[in-house]
Amino acid sequence: MKLKLKIWRQTGPTSAGRLVDYAADHVSPDMSFLEMLDVVNEGLIKQGEDAIAFDSDCREGICGTCSLVVNGIPHGPDRGTTVCQLHMRRFKEGDTVTIEPWRAVAFPVVKDLVVDRSAMDRVIAAGGYVSVNVGGAPDGNAIAIPKEIAETAMDSAACIGCGACVAACKNASAHLFMGAKISHLSLLPQGQAERQRRVVAMIEQADAEGFGSCSNEGECEAVCPKEIPISNIARMTREYMKAMLATR
Amino acid sequence: MKLDAKTPSGALAEKWDRHKFEMKLVNPANKRKYTVICVGTGLAGASAAASLGELGYNVLNFCIQDSPRRAHSIAAQGGINAAKNYQNDGDSVYRLFYDTVKGGDYRSREANVYRLAQLSVNIIDQCVAQGVPFAREYGGLLDNRSFGGAQVSRTFYARGQTGQQLLLGAYQSLMRQVHQRAVRLFTRREMLDLVVIDGQARGIIVRNLMTGAIERYAADAVILATGGYGTAYYLSTNAVGSNVTAIWRAHKRGALFANPCYTQIHPTCIPVSGEHQSKLTLMSESLRNDGRVWVPKKTGDARSPEQIPEAERDYYLERKYPSFGNLVPRDVASRNAKEACDEGRGVGESGLAVYLDFQDAIQRLGADVIKEKYGNLFHMYQKITDENPYKVPMRIYPAIHYTMGGLWVDYNLMSNLPGLHVLGEANFSDHGANRLGASALMQGLADGYFVIPYTIGHYLASTTQPKVTADHDAFKEAADNAQRQITRLLSVKGNRGIREIHRELGRIMWDDVGMARTAESLERALTAIPKLRDEFWNGVSVPGTPDNLNQSLEYAGRVADYLEFAELLALDALHRRESCGGHFREESQTPEGEALRDDENYAYVAAWEFTGVGRQPELHKEPLQFEEVHPTQRSYK
Ligand SMILES: Cc1cc2nc3c(=O)[nH]c(=O)nc-3n(C[C@H](O)[C@H](O)[C@H](O)COP(=O)(O)OP(=O)(O)OC[C@H]3O[C@@H](n4cnc5c(N)ncnc54)[C@H](O)[C@@H]3O)c2cc1C
Ligand code: FES
């Protein structure tokens with residue numbers, strides 16, 4: 001199948017970018033979206049042209065590296081799917097496909113479709129952990145955790161930190177990303193000691209990074225490749241209120 | 001050069017405790033005066049950097065991804081072993097040790113493996129304390145599943161995302177140290193050279209992938225935890241950025257490369273669909289707990305699977321290996337799949353696949369239970385193949401998955417170059433010629449959380465070194481060296497694609513240095529690889545400039561290293577005229593077609609010394625002694 005591509009090209013962080021037209025003439029339905037781009041790049045490289053820069057690594061939907069907005073939707077049209085797992089059978093002969101980077105104040109463009117997401121790491125560094133040094137941990141079965149709680153914590157912990165939620169949000173809010181980590185740790189007994197400190201520290205850091213606030217648009221949940229529910233944000237808000245009341 | 005494994009004396013079970021006592025310590029107040037470079041943020045690197053930061057060392061931590069959390073360890077699916085015996089099914093440290101030595105086909109070091117089994121139990125405790133949401137039973141205690149090569153249930157898991165959850169635990173601990181300024185993080189940096197001064201590893205040269213700047217970092221010790229080299233085969237289950245570059249360039253600076261030919265082929269991957277394919281997707285081994293592997297009994301049977309009656313199916317693993325059944329080790333399962341396809345009984349369009357069927361398990365347990373256990377894997381399968389594995393059996397085929405070989409290290413995880421430590425998949429140490437499932441995560445975390453914090457202290461406390469800074473001539477020489485390679489890559493200006501050449505290398509490796517190797521196929525590869533290397537250096541096209549993000553340049557550098565390294569891999573395979581574990585030489589098999597070892601001549605670690613590109617490397621042998629487990633013909637019947 002043949003496709004028309006409109007791809008965001010930008011040579012560096014400070015230069016202006018624009019959409020450039022490319023033709024993808026030999027697309028097989030079994031290709032993944034990124035393999036389709038590989039083929040386009042192979043063509044460009046052979047002509048000695050600068051390849052289109054885009055991020056990917058695992059190509060199986062778990063590392064959170066790939067980050068493309070396809071036809072206006074982060075990770076493209078398939079629900080619960082990263083763009084590396086999106087397959088070309090989803091497209092039709094002659095389709096025009098627009099490909100852009102994640103857009104958010106906190107995610108400056110590095111080049112073409114590649115952005116800098118280190119702000120998310122700094123939010124985790126502010127408090128997204130249990131402070132236990134290596135050594136001296138009690139036996140793994142010392143604390144029984146009801147299965148339902150472990151499963152709910154796992155549902156939240158499944159976040160791959162790709163940042164699609166931020167890219168989809170008109171406020172560029174990182175609430176779903178943070179809510180998932182805060183839920184994961186506040187549900188488990190191990191996370192209790194730092195429960196209040198954590199939520200406050202992470203939210204403060206997110207503000208400092210330029211992530212916006214949440215106005216309940218729900219776009220984040222809709223594009224999350226791991227289908228992390230928006231109830232994680234509600235849980236985070238509760239945690240934050242509790243922490244604020246406690247510190248008064 | 002005499003290789004000293006530095007294995008402590010004494011009874012096997014006491015070696016590590018005694019060694020911990022005998023090792024020198026660094027005074028807590030002095031630790032921050034020592035700088036340690038750690039390259040890699042996978043399970044091995046992140047756990048090492050976090051632990052050393054906690055201890056008070058000044059740690060510099062590097063990775064090529066934009067975030068440490070994206071290291072390839074994130075993709076591990078099935079689980080992590082530990083000898084907890086929570087199931088009361090007869091497990092013990094000794095049994096895990098025994099299974100691992102046997103699974104590795106008696107080509108690993110007993111003392112290392114025993115320590116690994118001992119530490120396995122601490123890993124689970126540590127991870128639980130970090131909040132890793134392992135699967136649990138209704139009573140709230142930790143759940144286990146079974147993996148190949150074991151008759152006990154000792155694998156801990158977090159759905160099909162165990163690697164992700166373990167890595168996030170380590171990453172979070174790491175970020176806590178970053179926050180406390182004990183660890184400085186350098187993301188999107190690629191190590192391009194190791195700096196050796198007076199025989200000691202004293203620093204690294206990296207390329208800042210965002211700006212193209214060549215940067216120098218000096219330290220008192222260097223740790224490489226840069227993962228495996230499976231992408232030498234182009235198609236593998238590894239992440240596309242996985243590479244041999246860091247360890248290969250350290251090898252070129254004098255570090256010995258051990259057992260490069262020990263590569264693992266995973267039996268259950270989604271088959272190749274076409275030329276465009278950029279990677280293969282693993283379907284976790286845990287699926288073999290409930291999935292049954294079969295092919296039609298008749299050759300060339302083109303009926304769809306549901307039309308083939310029970311009596312005309314060959315559940316060949318259950319038939320040939322009644323006691324382990326579908327849970328035989330990976331090398332055995334892979335070779336049997338290849339054999340079935342070679343006989344013309346393969347399924348799917350290409351005939352290069354076998355079925356992995358869940359119908360019985362779904363009937364027995366219900367689709368919901370199967371979904372809870374494997375939901376994300378089934379989802380992934382359906383995404384890629386457009387087929388519903390709840391309804392039709394999966395089609396699977398073996399693929400390159402893991403590399404047991406790596407830089408040679410002693411019991412302290414130090415290479416022959418003083419100060420250079422190597423952890424995780426990048427070293428060669430614990431898995432012999434075949435790794436058992438769920439043991440890589442265990443090894444990476446044992447190395448990083450529990451071994452290196454002791455042994456690096458011992459090294460630093462017992463070594464005197466001059467102070468060096470990155471202005472030293474050796475840094476300049478290494479930085480120039482890295483720069484020269486970049487300039488050279490950009491100046492070829494040929495018309496061949498980088499990927500095209502990598503793909504061709506992969507084809508050579510898979511066909512001639514793959515699942516079944518012969519002297520003839522290996523000789524063929526040894527002629528083809530240098531030829532392809534010449535074609536690369538004369539004809540590759542690397543567009544763009546060196547002074548910004550240039551993914552073509554990064555990729556070309558990695559492929560260039562693979563074109564050198566692949567030759568060593570093939571040469572090692574040729575020199576080892578026996579079959580063992582994942583290394584199968586057709587000339588050396590039992591009448592039943594199982595791998596036949598030659599203990600008399602090959603019970604050693606082959607550690608290769610670099611002598612120049614395209615030149616015969618020098619072989620050093622570390623003999624392997626088995627005092628506890630007597631090597632026998634492995635049997636999983
Ligand atoms: C799909 C899949 C599933 C698996 N499932 C399991 C399982 O269920 N159980 C199990 O035990 N094992 C499993 N394994 C194996 C296991 O995941 C790996 O062996 C292990 O995670 C390797 O960890 P590591 O820390 O050594 O390296 P990696 O996680 O590969 O990390 C390498 C690090 O080094 C960095 N790096 C690499 N090169 C450079 C360079 N040149 N410069 C700077 N930095 C560099 C990378 O950025 C990264 O941070 C699986 C493997 C795959 C591919
Ligand atoms: S490349 Fe890893 S999630 Fe897409």
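1. Helices here are DSSP runs of H or I with at least four residues, and strands are runs of E with at least two, each numbered from the N terminus. With that in mind, one point in chain B deserves a look, bearing in mind that the model is predicted: Asp105(B) sits in the loop between helix 4 (93-103) and helix 5 of chain B. Its phi is positive, at about 55°, although Asp105(B) is not a glycine. Asp105(B) has a relative accessibility of 2% and therefore counts as buried.

2. Chain A offers a second residue of this kind, Asp112(A), whose phi is near 40°, a positive value in a residue other than glycine. Asp112(A) belongs to the loop between strand 6 (109-111) and strand 7 (114-115) of chain A, and at 2% relative accessibility Asp112(A) counts as buried.

3. On chain A as a whole, the secondary structure amounts to eight helices and seven strands, while the C-alpha atoms occupy a box of roughly 60 × 35 × 35 Å along the principal axes. Of its 248 residues, 60% count as buried. Asp21(A), which is part of strand 2 (residues 18-24) of chain A, is not among the buried ones, for its relative accessibility of 52% makes it exposed. Between the C-alpha atoms of Asp21(A) and Val166(A), which are 145 residues apart along the chain, the separation is 27 Å.

4. Where does ligand 1 lie with respect to chains A and B? Ligand 1 is placed between chains A and B, and 38 residues surround it, of which Thr41(B), Gln65(B), Ser73(B), Met191(B) and Glu425(B) come nearest. By residue class, the shell around ligand 1 divides into 16 nonpolar, 17 polar and five charged residues. Helix 3 (43-55), strand 6 (189-197), strand 15 (394-403) and helix 12 (440-461) of chain B each supply at least two residues of that shell, and strand 6 of chain B gives the most, with three residues.

5. The polar contacts of ligand 1 can be checked atom by atom. A polar side-chain atom of Gln65(B) is placed 2.5 Å from an oxygen atom of ligand 1, and a backbone N or O atom of Gly78(B) lies 2.8 Å from an oxygen atom of the ligand. On the nitrogen side, a polar side-chain atom of Asn243(B) is found 3.0 Å from a nitrogen atom of ligand 1. Taken alone, ligand 1 exposes 1,000 Å², and the protein buries 98% of that area.

6. Two buried polar or charged residues of chain B can be followed through their side chains. Glu54(B) lies in helix 3 of chain B and has a relative accessible area of 18%, which makes it buried because the cut-off is under 20%; its side chain reaches the backbone nitrogen of Val134(A) at 2.8 Å. Gln130(B), in helix 5 (residues 110-130) of chain B, counts as buried at 3% relative accessibility, and the side chain of Gln130(B) makes a polar contact with that of Ser173(B) at 3.3 Å.

7. Counting rings whose centres lie within 6.5 Å as a pair, the total over all chains comes to 29 aromatic pairs. One of them joins Phe186(B) and Tyr217(B), with centres 4.8 Å apart and planes at 55°, so the pair is tilted. Phe186(B) is in strand 5 (residues 183-186) of chain B and Tyr217(B) in strand 8 (residues 214-218) of chain B, so the pair ties together parts that are 31 residues apart in sequence. Both Phe186(B) and Tyr217(B) are buried.

8. A further pair is formed by Phe257(B) and Phe565(B), whose ring centres are 5.1 Å apart and whose planes meet at 40°, so this pair is tilted. Because Phe257(B) lies in strand 10 (residues 257-258) of chain B and Phe565(B) in helix 16 (residues 551-575) of chain B, the pair ties together parts that are 308 residues apart in sequence. Phe257(B) and Phe565(B) are buried, and ring pairs link them with Tyr229(B), Trp248(B), Tyr562(B) and Phe610(B) into a cluster.

9. Finally, there are charges placed over rings. The charged end of Arg145(B) sits over the ring of Tyr157(B), at 3.7 Å from its centre. In chain A, Arg103(A) lies over the face of Trp8(A), 4.1 Å from the ring centre.

Note on methods
Residues numbered from 1 in each chain as written. Chains lettered and ligands numbered in written order. Predicted model: local features only at pLDDT ≥ 70, side-chain atom pairs only at ≥ 80, totals over all residues. Heavy atoms only, no water. Near = heavy atom within 4 Å. Polar contact = N/O pair within 3.5 Å; in protein donor to acceptor, adjacent residues only side chain to side chain. Areas by Shrake-Rupley, 256 points an atom, 1.4 Å probe, with all protein chains shown as cover. Nonpolar A, V, L, I, M, F, W, Y, C, P; charged D, E, K, R; others polar. Phe/Tyr/Trp six-rings, centres within 6.5 Å; stacked < 30°, edge-to-face > 60°. Buried < 20%, exposed > 50% of the residue type's maximum accessible area, 1.4 Å probe, protein only. Lys NZ or Arg CZ within 6 Å of the ring centre and 35° of its normal.
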